[in-house]
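The following exercises practise the reading of a protein model. Please examine the sequence and the structure before attempting each task.

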Amino acid sequence: MRLPCVRTLVLPKIHSAQDLHHVSEEIYMTYRAHKFRSADEPPVQLVASVESAKAMYNLGEIASWQSTWGSAMGGKLSALLVRSLF
């Protein structure tokens with residue numbers, strides 16, 4: 001993944017904030033490994049796709065998630081994509 005080129009990631013089948021944490025950790029590790037993050041770049045925008053009953057149950061946790069490493073280094077949740085379950 002070349003993060004300078006990636007601005008938004010749509011993440012399918014997010015069931016909990018732990019799923020977002022895992023993606024955020026990968027973004028952070030990529031930035032650290034390649035050392036190409038500049039302070040003036042906007043954070044990677046994350047769009048969480050909520051598609052299951054479990055995800056609906058955890059919706060508050062998902063919606064309030066923030067990266068442990070801050071939005072600049074770990075990404076920022078910018079939208080929820082909710083699929084109707086009925």
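A residue is called buried under 20% relative accessible area, exposed over 50%, and partly exposed in between (1.4 Å probe, protein chains only). The model is a predicted one, in which local features need pLDDT of at least 70 and side-chain atom pairs count only at pLDDT 80 or more, while totals for chains, interfaces and linings use all residues. Residues are numbered from 1 along each chain as its sequence is written, and side-chain values use heavy atoms, with hydrogens and water left out.

**Exercise 1. The chain as a whole**

Task: Determine which pattern of helices and strands the chain follows.

Solution.
Step 1. Helices (H or I, at least four residues) and strands (E, at least two) are DSSP runs, numbered from the N terminus.
Step 2. Four helices and three strands make up the secondary structure.
Step 3. Along the sequence, their pattern is β-α-β-α-α-α-β.
Step 4. The chain has 86 residues, of which 36% count as buried.
Step 5. A contact means heavy atoms within 4.5 Å. Of the contacts in the chain between residues at least 6 apart in sequence, 78% join residues at least 24 apart.

**Exercise 2. Two residues before and within helix α1**

Task: Classify Gln18 as buried, partly exposed or exposed.

Solution.
Step 1. Gln18 is placed in helix α1.
Step 2. Its relative accessibility is 52%, so Gln18 counts as exposed.
Step 3. The C-alpha atoms of Gln18 and Glu61 are 9.4 Å apart in space, although 43 residues separate the two in sequence.
Step 4. Lys13 can be treated likewise: this residue is in the loop between β1 (8-11) and α1, and with a relative accessible area of 55% Lys13 is exposed.
Step 5. The phi angle of Lys13 is near 55°, which is a positive value in a residue other than glycine.

**Exercise 3. The aromatic pair**

Task: State how many aromatic pairs the whole structure has, and describe the geometry of the rings of Tyr28 and Trp69.

Solution.
Step 1. A pair of aromatic rings is described by the distance of the centres and the angle of the planes.
Step 2. Rings of Phe, Tyr and Trp (its six-membered ring) pair if their centres lie within 6.5 Å; planes under 30 degrees apart count as stacked, over 60 as edge-to-face and the rest as tilted.
Step 3. A search of the whole structure gives one aromatic pair. Its rings belong to Tyr28 and Trp69; because the centres are 4.9 Å apart and the planes stand at 15°, the pair is stacked.
Step 4. Tyr28 belongs to helix α1 (residues 17-34) and Trp69 to the loop between α3 and α4, so the pair ties together parts that are 41 residues apart in sequence.
Step 5. The C-alpha atoms of these two residues are separated by 7.1 Å.
Step 6. Tyr28 counts as buried at 17% relative accessibility, whereas Trp69, at 26%, counts as partly exposed.
Step 7. Apart from neighbours within four places in sequence, Trp69 is in contact with His21, Ser24, Glu25, Tyr28 and Gly74.

**Exercise 4. Ser67 in its loop**

Task: Find where Ser67 is placed and which residues Ser67 touches, not counting those up to four places away in sequence.

Solution.
Step 1. Ser67 is in the loop between α3 (59-63) and α4 (70-74).
Step 2. With 12% relative accessibility, Ser67 counts as buried.
Step 3. Beyond the excluded sequence neighbours, up to four places away, Ser67 touches Ser24, Gly74 and Gly75.
Step 4. A polar atom of the side chain of Ser67 lies 3.1 Å from the backbone nitrogen of Trp69.

**Exercise 5. Helix α3 and strand β3**

Task: Identify the residues with which Ala63 is in contact, leaving aside neighbours within four places in sequence.

Solution.
Step 1. Ala63 is in helix α3 and counts as partly exposed at 44% relative accessibility.
Step 2. Outside its sequence neighbours within four places, Ala63 is in contact with Leu77 and Leu80.
Step 3. Leu80 lies in strand β3 (residues 76-82) and is partly exposed, with a relative accessible area of 34%.
Step 4. Ala63 and Ser78, 15 residues apart in sequence, have a C-alpha to C-alpha separation of 9.3 Å.

Notes:
Polar contact = N/O pair within 3.5 Å; in protein donor to acceptor, adjacent residues only side chain to side chain.
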